[in-house]
Amino acid sequence: MAPLHDPNHDAISMVGVTPGPHTLTLVPANNDHTMVMSAAVNIPFTYAGSYLPEPAGASGTPSLSITSPATGATVSGNSFTMTANITNFTSCLECFGKANVAGEGHWHIFVDTPVMANMATMAAGPTQEVATKGVPTGWHTFYAVLVGNDHMPIMPMTMTSITLYVTHPHRHH
């Protein structure tokens with residue numbers, strides 16, 4: 001699974017893909033991430049190369065902490081930026097959905113419950129833009145979780161959370 005940046009045009013990483021015949025499967029998903037398999041489309045293609053190996057994973061015990069916003073803060077509007085400090089872990093945007101490599105992956109953010117239906121976003125860099133559209137005004141817990149290239153939590157689980165007050169200012173016409 002790779003993140004969608006443009007509904008009509010996007011780039012797919014060829015990291016770890018060997019030259020030769022392959023099939024790309026596009027599967028639409030609902031907002032809760034359930035897949036609509038009946039609408040899936042298979043696109044055969046031949047990858048001409050060159051072979052781009054995956055980066056090596058980091059060693060040591062991974063850690064994850066949210067550096068901003070601070071727990072207890074108020075966030076307003078349709079989104080806010082979350083920044084994390086991630087150590088002993090190789091973040092790899094090009095590796096989404098690729099073979100798992102120990103010490104490598106990205107991080108997910110969940111709202112209120114760390115389950116797939118509540119995943120707000122995923123990223124490989126130190127910051128993520130977290131959408132708050134549809135999140136009711138009030139106190140909410142945002143969970144950050146380190147995951148492997150397969151989008152599953154790394155073991156041992158590396159997760160942290162902050163509690164924020166979400167507001168949606170009234171719009172004046």
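Strands, labelled E, are DSSP runs of at least two residues, numbered from the N terminus; the exercises below apply this to a predicted model.

**Exercise 1.** Locate Lys98 relative to the strands, and determine which side chain of opposite charge is nearest to Lys98 and how far away that side chain is.

*Solution.* Begin with the position in the chain: Lys98 is found in the loop that runs between strand E6 (90–91) and strand E7 (104–111). Next, consider charge: the nearest side chain of opposite charge is that of Glu54, 7.5 Å away. Since a salt bridge requires a side-chain nitrogen of Lys or Arg within 4 Å of a carboxyl oxygen of Asp or Glu, Lys98, although buried, has no salt bridge. Finally, with neighbours within four places in sequence left aside, the residues in contact with Lys98 include Ser13, Met14, Glu54 and Asp150.

**Exercise 2.** Establish which side chain is joined to that of Glu104 by a polar contact, and describe the charge surroundings of Glu104.

*Solution.* Glu104 lies in strand E7, and its side chain is joined to that of Asn149 by a polar contact of 2.6 Å. Glu104 is buried and without a salt bridge, the nearest side chain of opposite charge being Lys98, 10 Å away. Beyond four places in sequence, Glu104 touches a set of residues that includes Glu54, Phe89, Cys92, Cys95 and Asn149.

**Exercise 3.** Identify the residues that make the nonpolar surface patch of about 230 Å², and explain why Ile43 is classed as partly exposed.

*Solution.* The patch is made by Leu26, Val41 and Ile43, of which Ile43 is found in strand E2 (residues 41–47). Ile43 is partly exposed because its relative accessible area is 34%, and this class lies between under 20% for buried and over 50% for exposed.

Key: Residues are numbered from 1 along each chain as its sequence is written. This is a predicted model: local features need pLDDT of at least 70, side-chain atom pairs count only at pLDDT 80 or more; totals for chains, interfaces and linings use all residues. Side-chain values use heavy atoms; hydrogens and water are left out. Helices (H or I, at least four residues) and strands (E, at least two) are DSSP runs, numbered from the N terminus. Buried means under 20% relative accessible area, exposed over 50%, partly exposed in between (1.4 Å probe, protein chains only). Lys and Arg count as positive and Asp and Glu as negative; His and the chain ends are not counted. Contact means heavy atoms within 4.5 Å. Patches are made of residues with over 30% relative accessible area and no salt bridge: like charges are joined within 9 Å, nonpolar side chains (Val, Leu, Ile, Met, Phe, Trp, Tyr) within 5 Å. Accessible areas come from the Shrake-Rupley method with a 1.4 Å probe; for residues, only the protein chains shown count as cover. A polar contact is a pair of N or O atoms within 3.5 Å; within protein, one must be able to donate a hydrogen and the other to accept it, and residues adjacent in sequence count only if both atoms are side-chain atoms.
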